[in-house]
Amino acid sequence: MQTQPHSQVLSIRVAKFARLFIFSSFALLVVFVTLFNLVSPANAQSSPSGVSPSTHILQNRADRDQRLEDRNQLLYGGSPSTNAADTNATSTTVVPSGSSVSEATAGTNAAPPNAPSAQGAENSQVMPPSAMTSNPSAMETEFNTLVEASEHDLPMKAISKTQAIARALSQNYDIQVKSYDVEAAQALIRQAHGPFDPVFNAEGSYEDIRDPQNTQDFIATGGTPSQILSGDPRIFVENNGHYKLALDGKIPTGMTYEFKTQMDMLSNTLDRTSPLSLFTPEYQTFTGVTVDQPFLRGFGTDVNESEIRAAIVNKMISRYDLEDQMLGTVSQVLQSFNQLTYLTAELQAKREDKDLGLKLVQDRMKSLERGQISSRELNRAESSLAEIIEDYTKAQNEVINQQTILQSLISNQPTDVGQFTYLPISTLKAPELHASVEDLIGEALSHRPKYLEARSKVEEQDIKLVYAENQKYPQLDLKGTYGVNGLSATFGNSYYRETIPQGPQWTVGVLFSIPIGNNEAGGKYDEVKARKQQAVLAMKQIELNTDLVVRKLVATIHSNESRLAAMRIFAKTARESFDQEQTRLEKGLSSDLDVLKYRRDYTEAQARELAALADLNNAFVQLQEVTGTLLDQVHVSIIK
């Protein structure tokens with residue numbers, strides 16, 4: 001067995017020792033670098049002025065809790081600064097913290113919810129960097145761009161639900177058009193009474209007739225032979241006056257009547273020249289009444305008053321149409337108002353997130369100036385701020401869109417759009433449904449204007465059908481006249497002789513008439529009968545639709561109630577997570593950027609909870625619209 005030389009063994013041992021020394025040194029270096037990074041100021045989450053991490057986002061935890069509590073009251077039933085009365089309950093003005101708007105100042109300019117407060121404006125001032133490791137001008141410009149991207153607000157006007165409904169009902173053109181339909185229908189009722197109005201007639205005429213007589217007329221009027229021998233025809237002269245006063249009309253049974261007195265003054269050649277003439281001139285009078293009563297076609301009040309009854313029903317149809325238009329308008333206003341309340345509250349919350357994001361970026365810019373953090377940490381904060389501002393501007397756009405919808409409903413001035421926005425004075429509460437589906441359907445069929453209008457149209461066709469059927473009958477009328485005559489030298493004496501009576505007279509007659517084929521009346525009857533069937537089917541369709549819509553809305557309400565319960569749990573857990581992360585920050589176990597992330601999650605959870613609450617309220621509004629009770633709920637009625 002060979003042995004290695006002593007020098008070779010020594011070289012091997014030295015080489016092993018060198019490798020061990022190098023490996024140990026490298027390991028120690030790694031450990032040292034790691035420990036140095038953990039305690040290095042560049043990685044410490046401290047504020048620029050040496051403030052501890054526990055106060056980096058909010059200087060005082062009590063202040064933070066108060067701000068969150070104020071916002072919760074603002075979103076769900078109260079205001080830290082202002083309470084305004086609404087229709088049925090105390091309403092809350094959704095305004096930024098520290099501002100105050102009441103219903104008494106509705107319509108006046110108010111600070112917008114996304115306008116920075118005095119403190120926020122102070123915090124959002126960009127401090128010019130003096131010792132940045134990157135390009136200071138570029139960073140400042142970029143930060144200013146982010147700030148300017150979120151500042152473009154319009155003046156605000158506070159408005160309550162009651163005011164919004166009142167403006168919609170007074171300025172909405174569709175409602176105004178429908179209201180004139182009701183006035184026109186009332187005028188048609190008056191017009192339908194026209195055929196039963198008595199008519200007074202007065203007539204008068206005077207005639208001068210000069211008639212050359214033939215032999216027969218000459219002899220008949222007392223001509224003498226000596227007058228014939230002259231060879232010229234005698235001119236018979238008449239100077240007569242005819243006068244008549246009458247009152248005629250019609251009664252609902254179909255009978256027509258005429259009360260009249262007729263006066264004739266007769267003066268002619270005969271009574272002026274004949275020795276046998278009684279009076280010169282002669283005054284002849286007649287006073288009497290004439291009646292005509294149908295017994296088949298045109299008989300009965302149902303037939304003769306059909307136009308009046310149809311006009312009354314037509315007015316009810318116009319009224320139901322107006323009520324339906326008002327229901328739809330009020331429903332749209334309330335749904336838009338609820339949606340705007342939710343969106344405005346969401347915008348307010350995201351404005352607070354934006355203010356915190358701006359504060360965070362400003363603090364990190366100052367930390368970068370002092371060399372306490374790297375530009376990478378500042379970039380992370382600016383990236384988060386950019387996302388927050390994106391969410392904020394999206395919320396702004398949703399508010400603007402909803403504002404436009406509400407303005408189109410309550411204002412007929414297009415110049416209002418884009419000039420200001422409405423600040424809703426509102427509190428969203430969770431309504432409860434107590435009635436059963438069957439009760440709601442019955443209520444809808446008793447009060448829903450659309451269904452009542454369809455039922456009235458069937459009634460209108462029934463009235464027309466009765467009249468059309470009567471017109472198919474033959475005409476059978478009983479006619480009669482009774483009066484007295486008088487003749488004397490004066491009108492007064494002639495009327496006196498009527499009272500004796502001097503010359504009574506009467507007439508009785510029958511008129512029978514039937515058209516061969518009777519196509520006109522039969523065709524009209526068939527048309528009206530078909531129209532009635534149309535109206536019945538339309539009514540049944542609306543009845544079916546009402547049933548389906550009520551059931552659908554009840555299911556939607558139950559679904560939204562479950563959704564709201566889930567979102568409340570979601571918001572509660574998000575709040576707890578935010579509080580826990582805030583506690584971790586105070587203990588130095590978290591960063592201000594992580595706390596801001598949890599704050600955004602909590603804001604989003606609250607927004608989703610409020611969205612579910614708004615959808616629940618809107619489902620109730622739709623249900624009240626379908627059941628026809630919405631106007632009663634908001635205390636609106638139509639003047640009869």
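Lysine 457 counts as partly exposed in this predicted model, at 38% relative accessibility. Its salt-bridge partner is glutamate 453, and the closest N and O atoms of the two are 3.7 Å apart. Glutamate 453 counts as buried, at 13% relative accessibility. The two residues are four places apart in helix H14, so about one helical turn separates them.

Salt bridges also join up elsewhere: Arg364, Arg376, Glu377, Arg380 and Asp592 form one network through shared partners. In the whole structure, a search finds 31 salt bridges.

Two of these bridges involve helix H17, and both are worth a look on your screen. Arginine 599 pairs with aspartate 353, with 3.0 Å between the closest N and O atoms. Arginine 599 belongs to helix H17 (residues 592-627) and aspartate 353 to helix H11, so the bridge ties together parts that are 246 residues apart in sequence. Are these two partners buried or exposed? Both arginine 599 and aspartate 353 are buried.

Next comes the bridge between glutamate 387 and arginine 600, at 3.3 Å from N to O. Glutamate 387 sits in helix H12 (residues 375-410) and arginine 600 in helix H17, so this pair connects parts 213 residues apart in sequence. Here glutamate 387 is partly exposed at 39% relative accessibility, and arginine 600 is partly exposed at 22%.

The three bridges described here are set out below.

| Acidic residue | Basic residue | N to O distance |
|---|---|---|
| Aspartate 353 | Arginine 599 | 3.0 Å |
| Glutamate 387 | Arginine 600 | 3.3 Å |
| Glutamate 453 | Lysine 457 | 3.7 Å |

Back in helix H14 (residues 449-470), we also find glutamine 461. Glutamine 461 is buried, with a relative accessible area of 12%. Leaving out residues up to four places away in sequence, glutamine 461 touches Val528, Arg531, Lys532 and Ala535.

Helix H11 (residues 306-369) holds another buried position to visit, alanine 311. The relative accessible area of alanine 311 is 7%. Beyond its neighbours within four places in sequence, alanine 311 is in contact with Ala185, Leu188, Ile189 and Ala192. From alanine 311 to glutamine 191, the C-alpha to C-alpha distance is 8.9 Å, although their positions lie 120 residues apart in sequence.

Now to the aromatic residues. There are five aromatic pairs. Tyrosine 243 and phenylalanine 491 make an edge-to-face pair, with 6.5 Å centre to centre and 85° between the planes. This pair links distant parts of the chain, with tyrosine 243 in strand S6 (residues 235-250) and phenylalanine 491 in helix H15 (residues 491-498), 248 residues apart. Tyrosine 243 is partly exposed at 31%, as is phenylalanine 491 at 23% relative accessibility. Phenylalanine 295 and phenylalanine 299 are stacked instead, at 6.2 Å centre to centre and 15° between the planes. Tyr243, Tyr283 and Phe491 form one aromatic cluster.

Rings meet charges as well. The charged end of lysine 354 sits over the ring of tyrosine 392, 4.6 Å from its centre, and that of lysine 597 sits over the ring of tyrosine 598, 5.3 Å from its centre.

Finally, Phe295 and Phe299 are part of a nonpolar surface patch of about 1,200 Å², whose members also include Tyr482 and Trp506. Strands S10 (475-488) and S11 (503-513) each give two or more residues to the patch, and S11 gives the most, with four. Tyrosine 482 lies in strand S10 and is partly exposed at 45%.

Conventions
Residues numbered from 1 in each chain as written. Predicted model: local features only at pLDDT ≥ 70, side-chain atom pairs only at ≥ 80, totals over all residues. Heavy atoms only, no water. Patch = residues over 30% accessible without salt bridge, like charges linked within 9 Å, V, L, I, M, F, W, Y side chains within 5 Å. Areas by Shrake-Rupley, 256 points an atom, 1.4 Å probe, with all protein chains shown as cover. Salt bridge = Lys/Arg side-chain N within 4 Å of Asp/Glu carboxyl O. Buried < 20%, exposed > 50% of the residue type's maximum accessible area, 1.4 Å probe, protein only. Contact = heavy atoms within 4.5 Å. Phe/Tyr/Trp six-rings, centres within 6.5 Å; stacked < 30°, edge-to-face > 60°. Lys NZ or Arg CZ within 6 Å of the ring centre and 35° of its normal.
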